[in-house]
Amino acid sequence: YQRRVHGTLEELNMDENKIGNEGAGYIGMMLRINKTLIGLSVLGNQIDTNGVRNISEGLRVNKTLDLLQWGVVKVFMKTLSTNKTIVSLNICFNGIQEDGGMLLSKVLKINKTLRSLNLNNNYIGNKGTIAIAEALKINKILENIYMEANKIIGEGVVAICKALEANKTLTALSLGFNEITSEDAKALSKALRLNTAPVSYTHLTLPT
């Protein structure tokens, strides 16, 4: 899928094309010189860390891309530390697990542009959730975070509750399909009531 406005390419979807590292290299080179692309998706393309590095180098130079959907994450997270244009990141179904969650938390503490983050189905568990919750106490930019199906329970929920007490910018929080108990749900409900920010958590979803 591609979107053109007045003959200029703005969005490019190359999902499931098996472009591999060689193709990733070409994308990286394109990102260095492209001045119009604002959306890029390269999910399911057999790109390993070498390919990720090539695209990351392009992103360090690129000043226009603001939406990135990618299937390989950990190396790219380092790029997010310095990137000043990406505002939306979708890394669902990547299995980043606890280590990825902890690495991402470091990025969230210093990133100044990311407003929407989709972490659904990544099995970050309590350890990754606690790390991200700590970052949310500091981050003043992120508005939407989706953390469905991540094996969050007990301590992870407590950490999120504490983060909600400090965070004043989140407007959407999604925690559906985790192992959240009725007691966890009550704690979240209390944290939301005590939050004094003038926002509504319109996407707080919990299992029935």
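Confidence in this predicted model is lowest in strand β1, residues 2-5, where the mean pLDDT is 52, and it is highest in helix α5, residues 125-138, where the mean reaches 97. Across the protein the average pLDDT is 83, and 87% of the residues score at least 70, so please keep those values in mind as we go through the rest.

Turning to the overall make-up, the protein has 7 helices and 8 strands, and of its 208 residues, 47% are buried. If we take the contacts with a separation of 6 or more, 75% of them join residues that lie 24 or more positions apart. The exposed area comes to about 10,400 Å², with carbon and sulfur atoms supplying 54% of that area.

Let me now spend a moment on one pair of helices, α6, which covers residues 155-166, and α7, which covers residues 182-194. How do their axes lie with respect to each other? The two axes come within 9 Å and cross at roughly 5 degrees, and because angles under 35 degrees count as roughly parallel, α6 is described as roughly parallel to α7.

As for the residues that make this contact, α6 contributes Val-157, Ile-160, Cys-161 and Leu-164, while α7 contributes Asp-184, Ala-187, Leu-188, Ala-191 and Leu-192. Sorted by class, the contact between α6 and α7 holds 8 nonpolar residues, no polar ones and 1 charged residue, and the charged one is Asp-184 in α7.

How values were computed. Residues are numbered from 1 along each chain as its sequence is written. This is a predicted model: local features need pLDDT of at least 70, side-chain atom pairs count only at pLDDT 80 or more; totals for chains, interfaces and linings use all residues. Side-chain values use heavy atoms; hydrogens and water are left out. Helices (H or I, at least four residues) and strands (E, at least two) are DSSP runs, numbered from the N terminus. Buried means under 20% relative accessible area, exposed over 50%, partly exposed in between (1.4 Å probe, protein chains only). Contact means heavy atoms within 4.5 Å. Accessible areas come from the Shrake-Rupley method with a 1.4 Å probe; for residues, only the protein chains shown count as cover. Axes are lines fitted to C-alpha atoms, for helices over the stretch in contact, and angles run from 0 to 180 degrees between N-to-C directions. Angles under 35 degrees count as roughly parallel, over 145 as roughly antiparallel, 65 to 115 as roughly perpendicular and the rest as oblique. pLDDT is the predictor's confidence in each residue, from 0 to 100.
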